[in-house]
Amino acid sequence: MTENFFAISNGQPLNDVTPLVAHHLLVVGQTGSGKTTTTLSLLDQLQHANYTTIILDPTGEYSKLPNSVTYKLGENAYLEASRLSAHQLREALQIQGNQLLNDKLAQAVDALRIQQNLVQSKQPYVKIGVPIATYQKQLARLSDWSRSFAPQNLAAQLIEEFVVPFADERADYSLLGQQYDRQTINHEWNLIATLRQRLASDAFRMLFDPDPHPGLFKTELNFVIKMFLEHRSSHRTLVIDLSALKRYEESQRVVISLLLKNLLTARLQKPNNFPVNIVLDEAHRYLPKDEHQLADNGIFQILREGRKVGLSMTLTTQSPLDLPARLRSQFANLLLHHMTSPEELSSLAIADEVNLSKISKLSTGEALLLLANESQKKIKVNLPKWWDKQA
Ligand SMILES: Nc1ncnc2c1ncn2[C@@H]1O[C@H](COP(=O)(O)OP(=O)(O)OP(=O)(O)O)[C@@H](O)[C@H]1O
Ligand SMILES: [Mg+2]
């Protein structure tokens, strides 16, 4: 017999946990109230129920979950840089920038794609003296299969993008350029230098994995997720460990958003019959600060559109107020741990059904469970059997 995930306050065990993930589930509560532990315990039970879950783990806290398949950025997984748009690249590398830099970065990516796929060179594309017509023909020959490029060359390539015609009668406007635009390069130098530094850092070498390493096999993260979505296997818990980027929350946000968007697209293209739950701890950290960017965020897209293709999300956060209001309203299921703030409670749609004094008296590991169309239950979360061994 497996241990019970929840024991209801009157002593009756809650044997079936699947209703918790039949809708999007929000787990809230003050720090130390038990959110992560509860989520791990829920995942443990979902494993027993053979329910498919994908955990995006920015801190590495979920690697303790037994019987899961773990892909860890920097160890056995990487992200193909060509999956990111120029804008996403800039965000992932945390380069501030203007429209000019964004345009130039997009051009640099194109030039590097030509180098890698048509010229088969590991060097940057030198644009000085190249006829525009030649370049356009090369661009036209690139296709979807030739998207890959060498991200480590981006900073050097960026310099090659700042080329202009001669400023006198020698000017030839049929060429991409004849000399470096040194003034603009100097003006953007700080950003170019930061970009070079970021690309050389350990974190980004781990993310994009540009170096060959004979004998070591790494898998592309989007590929991992796609395989997991399409093929049923006995191990139904996938952990994507992004802790290699721990110091770069913005980058984690971009990567998480991208993976989730691709996951949703994969599901929409190939609807499958088994449901999948996606878990993200401390979700507020990985949402855009600006509410206008919400529509473009992968977390929000799955919350809004995932259910019709069998995708549900489990998010945890310390305060519902840290979540944008438009996102907060997507959760039909709630697990409320210890909370003392009336503002936080009233930000949730169910505020009038819940008594704050009840929630403020909950101890660690206790919570109020509110499921769609069901009456609320006070629960005490049991630790899984394997818990002690991990301590
Ligand atoms: N159901 C439980 N039974 C026994 N101990 C628990 C339970 N839930 C949590 N704890 C203990 O309480 C401590 C805090 O729990 P946890 O890390 O899950 O809280 P949290 O809400 O995720 O905190 P944070 O916001 O800081 O991430 C842990 O040491 C954990 O072992
Ligand atoms: Mg936690």
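Guide: Welcome! In this structure helices are DSSP runs of H or I with at least four residues, strands are E runs of at least two, and both are numbered from the N terminus. The model is predicted, so local features need pLDDT of at least 70 and side-chain atom pairs pLDDT 80 or more, while totals for chains, interfaces and linings use all residues. Residues are numbered from 1 along each chain as written, chains are lettered from A and ligands numbered from 1 in written order, and side-chain values use heavy atoms, without hydrogens and water.

Visitor: How many helices and strands does the protein chain have?

Guide: The protein chain has 15 helices and 15 strands. Its C-alpha atoms fill a box of roughly 90 × 45 × 40 Å along the principal axes.

Visitor: What percentage of the residues in the protein chain is buried?

Guide: Buried means under 20% relative accessible area and exposed over 50%, with partly exposed in between (1.4 Å probe, protein chains only). Of the 391 residues here, 52% are buried. For contacts, the rule is heavy atoms within 4.5 Å. Among contacts between residues at least 6 apart in sequence, 72% join residues at least 24 apart.

Visitor: Which residues does Ile240 touch, not counting residues up to four places away in sequence?

Guide: Ile240 sits in strand 10 (residues 237-241), and its relative accessibility of 0% is why it counts as buried. Its partners, with that sequence limit, are Ile54, Ile55, Leu56, Asp57, Tyr71, Leu221, Val224, Ile225 and Leu259. For a distance to check on your screen, the C-alpha atoms of Ile240 and Ile302 are separated by 17 Å, with their positions 62 residues apart along the chain.

Visitor: Which residues of helix 7 are buried?

Guide: Let's take its length before its faces. The expected span of a helix is 1.5 Å times one less than its number of residues. The 12 residues of helix 7 (residues 189-200) should therefore span 16 Å, and its end C-alpha atoms are 17 Å apart, which agrees. Its buried residues are Leu191, Ile192, Leu195 and Leu199. They cover an arc of only 100° around the axis (taken from the directions from the helix axis to the C-beta atoms), so they lie on the same side of helix 7. On the face turned away from that buried side are the exposed residues Asn190 and Gln197.

Visitor: What covers the buried residues of helix 7?

Guide: The cover includes helix 3 (99-119), helix 5 (154-161), helix 6 (182-187) and helix 8. Helix 3 has 21 residues and reaches 29 Å from its first C-alpha to its last, close to the expected 30 Å. Just after helix 3, Gln120 takes a positive phi of about 50°.

Visitor: Where do Asn67 and Asn373 lie?

Guide: Asn67 is in the loop between strand 4 (52-57) and strand 5 (69-72), with a positive phi near 60° although it is not glycine. Asn373 is in the loop between strand 14 (366-370) and strand 15 (377-381), and its phi is also positive, near 60°. Asn67 counts as exposed because its relative accessibility is 52%; Asn373 is exposed at 82%.

Visitor: How many cavities of 30 Å³ or more does a search of the whole structure find?

Guide: On a 1 Å grid over the protein atoms alone, a cavity is a set of points where a 1.4 Å probe fits but cannot get out, a pocket is an open set with protein on both sides within 12 Å along at least five of seven lines, and lining residues have an atom within 4 Å of a point. Points are joined across faces, edges and corners, and a volume is the space filled by probe spheres set on them. The search finds 1 cavity, holding about 40 Å³. Its lining is Pro151, Gln152, Leu199, Phe204, Arg205, Phe208 and Pro210, and helix 8 (residues 202-208) gives the most, with 3 residues.

Visitor: What is the volume of the largest pocket?

Guide: About 410 Å³. Of its 22 lining residues, Gln116, Phe149, Ala150, Gln152 and Pro210 are the closest to its centre. Helix 3 gives the most to this lining, with 3 residues.

Visitor: Which residues lie nearest the centre of the second largest pocket?

Guide: That pocket, of about 310 Å³, has 16 lining residues, with Arg83, Asn222, Phe223, Lys226 and Asn262 nearest its centre. Helix 9 (221-230) and helix 10 (249-269) are the elements that give two or more residues to it, and helix 10 has the largest share, 6 residues.
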